Amino acid sequence: MAPIVSVSNLSKTYASGFKALKGVSLDIEEGEILALLGPNGAGKTTLISIICGIVNPSGGTVKVGGHDVVRDFRETRSMIGLVPQELTTDAFETVWNTVTFSRGLHGKKPNPGHIEKVLKDLSLWDKKDNMLRELSGGMKRRVLIAKALSHEPRVLFLDEPTAGVDVNLRKSMWEVVERLRASGVTIILTTHYIEEAEEIADRIGVINGGEILLVEDKAALMSKLGRKQLRVDLAHPMDGVPEALSSYNLTLEGDGHCLIYDYDTSAERTGITTLLAALAEAGIRLKDISTRQSSLEDIFVEIVGAGR
Amino acid sequence: MNIEAIKSIYFFEMARTRRTLLQSVVSPVISTSLYFIVFGAAIGGRIQEIDGVSYGAFITPGLMMLTLLTQCIGNGSFGIYFPKFTGTIYEVLSSPVSMLEIVLGYVGAAATKGLMIGTIILLTASLFVDLSIAHPFVMVFFFVLTAISFSLFGFIIGIWAKDFEQLNLIPMLVIPPLVFLGGSFYSIKMLPPFWQAVSHFNPVLYLISGFRWSFFEVSDVNPVISAVIILAFLTICMSVLTWIFRTGYRLRN
C-alpha cells in the first residue's frame, strides 16, 4: 500500500540562513501512529509545518494521499488536521464558533451534529458557549484538537499535544487518540514525554539537527537497541568482584551490596544460567534478583548522543 | 473556489465588528457630528460658498473619504495582523484556501465595514446639511473602489507589519496629512500657486475631488483623472499582493 504521507529529500533553509531540515525522507503508513522524537530545535515543527502547508519548502517534495502539498494543496490540506504546539486561540470567540470556523475554512458544509460529537468526545460540550479566554490551558488544548478534527481529517498532526497538560487530561487525550486510530486516522505526534511515545506509538522516528536519524518499528527498535540488566542483591556485601567471576564483566554497586550484569536479549546465549551457577559455586548467597529493560528514553539519549 | 472558506473568514471578521459595535459605529457618528458643529455651523457660517456649494455640504465628501480611508486601512490591516500576532494564522495557512480566497474574505469584510460606516456618515451629514448627489453611479463607483483598494492596502500593511507600531505607522502618520491636505475641507484653488502644484502630488486629492464631483459637479481635477488614479492604485495593490503570495513574504517564511 502506498504511504499516506511521503516526504522525500526535504530541505528548509530559513531567511536567516538557518538550515532547519537537511534532506529529510520519511514515509508514513495509513492508520499508524508515528512518534517523532527529537530535542528542541531538531526540526520537528518545521517538518510538520511544511507537510501542512504553513511553511514553504526550500527543496524536496512532500506527498499526502498521493498529492503534492504545494501543487495540489487543496487536496492535501483537506486531508490534514493540525494541532499546533502553541496554545493559539482567539480570546473573544466562543468554543462553538471557533470550531465551526475551522470546519468552514476547510471547505466543508456546516454539520452541527459532527461538531457536537467532537466536542462531547473531548468533554467540551458544556463549555461550547464559553469564550476561549475563560478556559484553562488544558481546555484550550482540547479546543485546538476539536478544531483539527472539525473537518474529519484522515491524517492528524499533534505537535507536543501534552505539554503542560495534567495527568488525567493527558490520559483522556490518549484515549481520544486511540479512538481516532481505531477509526482509521493516521496520527503523527511529537512529544517530549518519551514514555508516552513508548506506550502509544507503532513506529518511532528520531530527528536531530534537521536529519532523520532513524525510523523504526517500536518493538524492533526496543529489542535491537534495548539492553537488559540483571541485578543481583547480595546477602553479604563484597569488597570487589571475585576473581572467579572476572570473565562476566560485572559491576559492583550499592556499597558492595549488588552486582549488575549487562546482557543482550538478542544474543544466542545471554550467559545468565552460567553466571548464576558460578555465583553458587563461589559460595555467594543471593537475597534477590531483578531485571530491567532500557527504556525508549535511554535509547533516545544514546542515539541523539551518538549523532553529535 | 472554496466558497465555504470565504464565507467563514468574512463572517468571522464581521462578527468582530459586531462585538465592537459601539466603537465601530457610534464613534464615527459622534466625530462626524462634531465636525459639522465646528466646521459646518460655527466656522462654516462665516465662510462663503465654495464653487456655489455651501461649506457644510462641501466638506461632506471629504469627511466620508477621511473615515473611509482610515477605517478600511485599519480593518484591512488589523484583520490579518492580529492572527499573525496571536499565532492563529497557522489555521488559515494550513487550510485548503487559496490566497485569493483569503483576500476575498478579509478584504471583503474590511471594505464592507468601511462602506457601512461611510454610509452612516452620509446619513448623519444629511441631518446637518442639504445634500444632493448629482451622479449616484459615479459616487458609488468612487465609494466602492476606494473602499476595496484601501482595504487591500491595509491588508498589505498588516502582512508587512512586524509590530503594533509599524501597524499604526501609515494609518496614523501618513493618511491624516494626505487627507487633510488633499482638499477635504477646502478647494485647492484657495491655495497659493506653489501649494496648488504640490497638492497635485497627493494621491488623496484625486479621490476626494472625484468623489466631490459626483455630488456637486465641482472638482479640483478632472474626474476622469481621478478614476484613472484610483484604478491605478487598485492595480498596484493587487500586484504587490500577488508578489507577496507568490513569494510567501512574511507569511510562509
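In this predicted model, A:Asp233 sits opposite A:Cys258, a residue of β13(A). That pair belongs to a longer match: β11(A) and strand β13 (residues 258-263) of chain A run antiparallel and are held together by six bridges. On another flank, strand β11 (residues 228-234) of chain A is joined to β14(A), again antiparallel, by seven bridges. Two of the facing pairs can be picked out here: A:Arg231 looks across at A:Ser290 in β14(A), and A:Val232 has A:Ile289 of β14(A) opposite.

Put together, these pairings are part of an open sheet of four strands in chain A, laid out in the order β12-β13-β11-β14, with antiparallel pairing. Which strands stand at the edges, each with a single partner strand? They are β12 (250-253) and β14 (286-293) of chain A, so each has one side with no neighbour in the sheet. From one strand to the next, the twist averages 25°. As for side chains, in a regular strand they alternate between the two faces of the sheet.

The β12(A) end of the sheet is tied in by four bridges to β13(A), also in the antiparallel sense. Within this pairing, A:Leu250 has A:Tyr261 of β13(A) as its bridge partner. The two strands make a hairpin with four residues between them, and in that hairpin A:Gly254 takes a positive phi, near 55°. At the other edge, β14(A) is hardly covered: of its eight residues, the number that are buried is zero.

Helix α1 (residues 44-52) of chain A tells another story. Nine of its nine residues are buried, so the helix is largely enclosed by the rest of the structure. The buried set takes in A:Lys44, A:Thr45, A:Thr46, A:Leu47, A:Ile48, A:Ser49, A:Ile50, A:Ile51 and A:Cys52. Right after α1(A) comes A:Gly53, with a positive phi near 95°.

Chain A also touches chain B: 27 residues of chain A are in contact with 21 residues of chain B. On the chain A side, the elements giving two or more residues are α2 (73-79), β6 (80-83) and α3 (95-105). That side of chain A is a mix by class, with 11 nonpolar, nine polar and seven charged residues.

Over in chain B, two helix pairs can be described. In one, helix α6 (residues 136-160) and helix α10 (residues 223-247) of chain B have axes that come within 9 Å and cross at roughly 30°. That angle makes α6(B) roughly parallel to α10(B), and the crossing is left-handed. From α6(B), the residues in the contact include B:Phe142, B:Leu145, B:Ile148, B:Leu152 and B:Phe153, while those from α10(B) include B:Ile230, B:Phe233, B:Leu234, B:Met238 and B:Leu241. By class, this contact has 15 nonpolar residues, two polar and no charged.

In the other pair, the axes of helix α3 (residues 55-86) and helix α9 (residues 203-216) of chain B come within 9 Å and cross at roughly 135°. The helices α3(B) and α9(B) are therefore oblique to each other, and their crossing is right-handed. Here B:Pro61, B:Gly62 and B:Met65 of α3(B) meet B:Leu207, B:Ile208, B:Phe211, B:Arg212 and B:Phe215 of α9(B). This contact counts six nonpolar residues, one polar and one charged.

Finally, there is a loop residue to look at in chain B. B:Asp130 lies in the loop between α5 (99-128) and α6 of chain B. Is B:Asp130 buried or exposed? With 8 other C-beta atoms within 10 Å, B:Asp130 is exposed, because the cut-off for that class is 12 or fewer. The C-alpha atoms of B:Asp130 and B:Phe185 are separated by 17 Å, and the two residues are 55 residues apart along the chain.

Notes
Residues numbered from 1 in each chain as written. Chains lettered and ligands numbered in written order. Predicted model: local features only at pLDDT ≥ 70, side-chain atom pairs only at ≥ 80, totals over all residues. Pairing = 2+ DSSP bridges. Axes fitted to C-alpha atoms, helices over the stretch in contact; angles between N-to-C directions. Contact = placed C-beta atoms within 7 Å. Nonpolar A, V, L, I, M, F, W, Y, C, P; charged D, E, K, R; others polar. Parallel < 35°, antiparallel > 145°, perpendicular 65-115°, else oblique. Left-handed = near helix turned anticlockwise from the far one by under 90°. Buried ≥ 20, exposed ≤ 12 C-beta atoms within 10 Å, placed from the backbone.
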